[in-house]
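I set out to look up two things here: how one helix sits in the fold, and what surrounds the ligand. My entries follow in that order.

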Amino acid sequence: MSEVFTRRVSLAITGASGVQYALRLIECLVAADCQVLLMISKAAQVVVATETSIGLPGAAEQQEIFLSNKFQARPGQIKVFGREQWMAPVASGSGAPSSMVICPCSTGTLSAIACGASNNLIERAADVALKERRQLILVPREAPFSEIHLENMLKLSRMGAVILPACPGFYHQPTTIDDLIDFVVARILSQLGLEQVLLPRWGEKYI
Ligand SMILES: Cc1cc2nc3c(=O)[nH]c(=O)nc-3n(C[C@H](O)[C@H](O)[C@H](O)COP(=O)(O)O)c2cc1C
């Protein structure tokens, strides 16, 4: 019997800096009893190796086992799909969840989505989210942004995507890197309509 979860969310991790945001987001989604349909680009795997010491395996099946253990997920709660796994649920409007997050989102993937390339499963899943008018949350990280990046973000925003830059605020008086990560992850959880307890809401504590 297949496991039942409160909610399904697709999450793509691409090769921009800030994979820590994605790892924390997975942890929070698992805690919220969401099923996470996960895709990790090749470049993201290089970023994981550069920015963390977690030793993520290269193959999707092994990543699924590794991350399920790491986050103590329920059986079937984290499903990892490879870059050409076209039969994955996320590749079609009939199987894709109502929300997709790309965190962090590289400017390369941003550009591919903006022109509808669909050359890998991440790009296809985002294309599906757009054509089905479903929620697509993009968390770009680059500095500075070029005119190309800005144009792509504007184009996607006009199509209904949420551009949520990996851009933490400081009014919660962060003292650790985890505090900065949580600032961005809290914004993503709020966009998904999930209760977040990582940060007080504006007006609760900051006045
Ligand atoms: C350690 C590292 C950090 C990177 N940081 C960024 C970044 O912050 N933003 C970005 O757009 N690309 C960044 N890149 C470049 C992308 O990984 C590269 O453009 C890649 O082709 C993106 O592929 P993907 O979108 O399929 O993941 C970084 C690459 C590496 C190895």
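I began with the packing of helix H6, noting that the model is predicted. The buried residues of H6 pack against helix H4 (107–114), helix H5 (121–131), strand E5 (135–140) and strand E6 (162–163).

I then listed those buried residues: they are His149, Asn152, Met153 and Leu156. They lie on the same side of H6, because the arc they cover around the axis is only 100 degrees. This fits the general rule that an α-helix has 3.6 residues a turn, so residues three or four places apart point the same way. On the face turned away from the buried side of H6, I found the exposed residues Glu147 and Arg158.

I checked the length next. H6 holds twelve residues (147–158), so at 1.5 Å a residue a span of 16 Å is expected; the end C-alpha atoms are 16 Å apart, which agrees.

I looked at both ends. At the start of H6, a side-chain oxygen of Ser146 comes within 3.2 Å of the backbone nitrogen of Ile148. Just after H6, Gly160 has a positive phi of about 110 degrees.

I turned to the ligand. It is surrounded by 14 residues, of which Gly15, Ser41, Ser106, Thr109 and Arg141 are the closest. For polar contacts, I noted a backbone atom of Ser17 at 3.0 Å from a ligand oxygen, a side-chain atom of Ser41 at 2.6 Å from a ligand oxygen, and a side-chain atom of Glu142 at 3.4 Å from a ligand nitrogen. The protein covers 66% of the 640 Å² of accessible area that the ligand has on its own.

Helix H2 (42–51) and H4 each give two or more residues to the shell around the ligand. H2 gives the most, with four residues.

Definitions and conventions: Residues numbered from 1 in each chain as written. Predicted model: local features only at pLDDT ≥ 70, side-chain atom pairs only at ≥ 80, totals over all residues. Heavy atoms only, no water. Expected span 1.5 Å × (residues − 1). Buried < 20%, exposed > 50% of the residue type's maximum accessible area, 1.4 Å probe, protein only. Arc of directions from axis to C-beta. Contact = heavy atoms within 4.5 Å. Polar contact = N/O pair within 3.5 Å; in protein donor to acceptor, adjacent residues only side chain to side chain. Near = heavy atom within 4 Å. Areas by Shrake-Rupley, 256 points an atom, 1.4 Å probe, with all protein chains shown as cover.
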